[in-house]
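The following paragraphs lead a reader who is new to this structure through its main features. Please keep the sequence and the model in view while reading.

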Amino acid sequence: MLELLTVAIAPGLALFSYFYLRDQFAGEPSKLIFHCFLYGALLTFPILFIQYVFEAENVFQNTFVKSVLFSSLLEEFFKWIVLLAAVFRHIDFEDPYDGILYGASLSLGFATVENILYLLEFGLGAAFLRAFLPVSSHALFGVVMGFYFGKAKFTEKRESKWWLVAALFAGALLHIAYNASLYAYDNLLYGAVPFMLFLWWFGLRKVRQAHQLSVSHYHKHTPID
């Protein structure tokens, strides 16, 4: 049991450590980072319950709608709502790169609990594949969503709402594309693997952009002697 929990938690911890260590402006880790992870972990259960109810009631007849569109939109909408309600106006949201950290932490909380539940049911055989696909994909969805939250936080009010909308749509569209790649191709080498390579490229591009925005943010707010 301990081995299974370690294997299930390790990918999320490793990915978050990577994004956190890229933050050159980080001081003492904010409690909000830990809270975001907990929020994401707790989100797993209402999301699974809603999916179970819709499955039991046979709401969606079309497999693509159920497996690709509905699950993607449901998960990203819940993450977006939590970031908007609990993080966006928080005092510890201090620079654009913080959006990356909070988005990734929230998503990894969700992905870690989902990973634990999956490995409890199916065993450790799929642990490596899940680390590369579902866990890292959720982290990168969170990175992209968090990037746009960072843009929204530190921009003019009239533009802020559009960046918030972009955060939801970007996370949802990437998640839909990922699920579609799994749905369309049984062979991962034709679908999920190429998409994951693109997702890593895109996510790391947002990390670099967020870092540049944070540099500009601190330069603007540094007093000149």
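**A guided reading of the model**

N58 is partly exposed, with a relative accessible area of 44%. This residue belongs to the loop between α2 and α3. Its phi is near 55 degrees, a positive value in a residue other than glycine. The residue follows α2, and the helices on either side of the loop are taken up below.

Before that, the chain as a whole deserves a description. The model is predicted, and the protein chain averages a pLDDT of 86, with 84% of the residues scoring at least 70. Confidence varies among the elements: helix α1 (residues 2–21) has the lowest mean pLDDT, 66, whereas α3 has the highest, 95. The protein chain contains seven helices and zero strands, so that the pattern read along the sequence is α-α-α-α-α-α-α. Of the 225 residues in the protein chain, 45% are buried. Among contacts between residues at least 6 apart in sequence, 81% join residues at least 24 apart. The chain exposes about 12100 Å², and carbon and sulfur atoms supply 66% of that area.

Helix α2 comprises the 26 residues from 31 to 56. At 1.5 Å a residue, a helix of this kind should span 38 Å, and the C-alpha atoms at its ends are indeed 38 Å apart, which agrees with the expectation. Several residues of α2 are buried, among them L32, I33, C36 and G40. A41, L43, T44 and I47 of the same helix are buried as well.

Helix α2 also takes part in a feature of the surface. F45, L48, L117 and L120 make a nonpolar surface patch of about 340 Å². Both α2 and α4 (96–122) supply at least two residues each to this nonpolar patch. L120, one of the patch residues, lies in helix α4. With a relative accessible area of 44%, L120 is partly exposed.

Charged side chains offer another view of the model. Side chains of opposite charge can pair when their charged atoms come close. How many salt bridges does a search of the whole structure find? The search finds three. One of them joins E55 and K66, whose closest N and O atoms are 3.4 Å apart. E55 lies in helix α2 and K66 in helix α3 (residues 63–87), so this pair ties together parts that are eleven residues apart in sequence. E55 is partly exposed at a relative accessible area of 46%, and K66 also counts as partly exposed, at 27%.

Another salt bridge is formed by the side chains of K79 and E76, with an N to O distance of 3.0 Å. K79 and E76 both belong to helix α3 and stand three residues apart, about one turn of the helix. Are these two residues buried or exposed? K79 counts as buried, because its relative accessibility is 1% and the cut-off for burial is under 20%. E76 is likewise buried, with a relative accessible area of 0%. The remaining pair is E156 and R158, whose side chains meet at 2.9 Å, N to O. Here E156 counts as partly exposed at 43% relative accessibility, whereas R158 counts as exposed at 62%.

Two further residues illustrate contacts between parts of the chain that lie apart in sequence. I176 is found in helix α6 (residues 157–184) and is buried, with a relative accessible area of 16%. Which residues does I176 contact, leaving aside its neighbours within four places in sequence? The contacts are V68, L69, S72 and L73. For one of these, L69, the separation from I176 is 107 residues in sequence, yet 5.9 Å in space, C-alpha to C-alpha.

S137 provides the other example. This residue is located in helix α5 (residues 127–153) and counts as buried, at 1% relative accessibility. Leaving aside neighbours within four places in sequence, S137 is in contact with Y178, M196 and L199.

How values were computed:
Residues are numbered from 1 along each chain as its sequence is written. This is a predicted model: local features need pLDDT of at least 70, side-chain atom pairs count only at pLDDT 80 or more; totals for chains, interfaces and linings use all residues. Side-chain values use heavy atoms; hydrogens and water are left out. Helices (H or I, at least four residues) and strands (E, at least two) are DSSP runs, numbered from the N terminus. The expected span of a helix is 1.5 Å times one less than its number of residues. Buried means under 20% relative accessible area, exposed over 50%, partly exposed in between (1.4 Å probe, protein chains only). Contact means heavy atoms within 4.5 Å. A salt bridge is a side-chain nitrogen of Lys or Arg within 4 Å of a carboxyl oxygen of Asp or Glu. Patches are made of residues with over 30% relative accessible area and no salt bridge: like charges are joined within 9 Å, nonpolar side chains (Val, Leu, Ile, Met, Phe, Trp, Tyr) within 5 Å. Accessible areas come from the Shrake-Rupley method with a 1.4 Å probe; for residues, only the protein chains shown count as cover. pLDDT is the predictor's confidence in each residue, from 0 to 100.
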